[in-house]
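Reader: I should like to learn how to read the features of a structure. Please take them one at a time, with the general idea before the case.

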Amino acid sequence: PLELRMQEQINQLEKAHSEAQQRALQLESQVFFDSLTKLNNHLAFEADFDNEQSRAQRRNHALHKVAIELDGIITTNEQVGKSEGTRLLQCFAQQLEQGFASLGRSYRISSSEFAVLIEAAKPLETTPLEQILWRIVTELHQQGFVHASAVMGVAHSLETDSLVQLSQQRLNLNRVRQHRQ
């Protein structure tokens with residue numbers, strides 16, 4: 001009987017340990033997850049960025065950071081309600097992830113700022129990336145989000161050590177160009 005009770009206690013401890021490990025993994029994944037858009041969040045981006053850059057360097061590849069800003073949320077919130085603004089964010093995130101899935105990972109960095117990390121053997125042309133974004137915005141318009149627009153900036157690791165800053169600068173430059181049109 002003593003051996004049987006000890007084995008039962010060991011089994012209970014092993015079960016509790018296994019459950020605690022599973023819960024820890026769930027909590028860890030939640031830390032890197034944006035619950036509104038179901039994308040990886042800024043913490044996941046920061047964690048992945050250094051790893052992806054190191055991996056790209058080892059392979060003599062370029063790591064691209066595509067910075068994307070979604071516009072039209074405030075207007076959507078004001079004209080048709082905050083729930084539609086939330087739905088716009090969710091639809092955009094889903095389309096972004098699908099549109100860039102074959103190229104890299106998508107992230108929600110802040111409220112309306114997104115990013116995609118793409119590793120490639122050579123620097124990518126921006127036109128195909130802009131076409132993907134144009135298709136995403138067109139799809140949003142077809143879903144009734146008439147105020148939705150987006151702008152992007154792209155930088156790659158072979159250009160500069162400041163990949164994140166350069167992509168943001170290019171996004172801002174493209175925003176200025178877009179508003180002049």
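Reader: Is Phe32 buried, partly exposed or exposed?

Author: Buried means under 20% relative accessible area, exposed over 50%, and partly exposed in between (1.4 Å probe, protein chains only). Phe32 is partly exposed, because its relative accessible area is 31%. This is a predicted model, in which local features need pLDDT of at least 70 and side-chain atom pairs count only at pLDDT 80 or more, while totals for chains, interfaces and linings use all residues. Residues are numbered from 1 along each chain as its sequence is written, and side-chain values use heavy atoms, with hydrogens and water left out.

Reader: Where is the place of Phe32?

Author: Helices (H or I, at least four residues) and strands (E, at least two) are DSSP runs, numbered from the N terminus. Phe32 is in the loop between helix H1 (2-31) and strand E1 (40-41).

Reader: How should one read a salt bridge, and which residue pairs with Asp34?

Author: Side chains of opposite charge can pair when their charged atoms come close. The rule asks for a side-chain nitrogen of Lys or Arg within 4 Å of a carboxyl oxygen of Asp or Glu, and by this rule the count comes to six salt bridges. In one of them, Asp34 pairs with Arg108, with the closest N and O atoms 3.1 Å apart. Asp34 lies in the loop between H1 and E1 and Arg108 in strand E3 (residues 104-108), so the pair ties together parts that are 74 residues apart in sequence. Asp34 is buried, at a relative accessible area of 14%, and Arg108 also counts as buried, at 12%.

Reader: Which residues are linked with Arg55 in a network of salt bridges?

Author: The network links Arg55 with Glu52, Arg59 and Glu119. Between Arg55 and Glu119, the closest N and O atoms are 3.2 Å apart. Arg55 lies in helix H2 (residues 42-58) and Glu119 in strand E4 (residues 113-120), so this salt bridge joins parts 64 residues apart in sequence. Arg55 is partly exposed, at 32%, whereas Glu119 counts as buried, at 18% relative accessibility.

Reader: What of a salt bridge inside one helix: where do Arg87 and Glu84 lie?

Author: Both lie in helix H4 (residues 82-100), three residues apart, about one turn of the helix. Their closest N and O atoms are 3.1 Å apart. Arg87 counts as partly exposed, at 33% relative accessibility, and Glu84 is partly exposed, with a relative accessible area of 24%.
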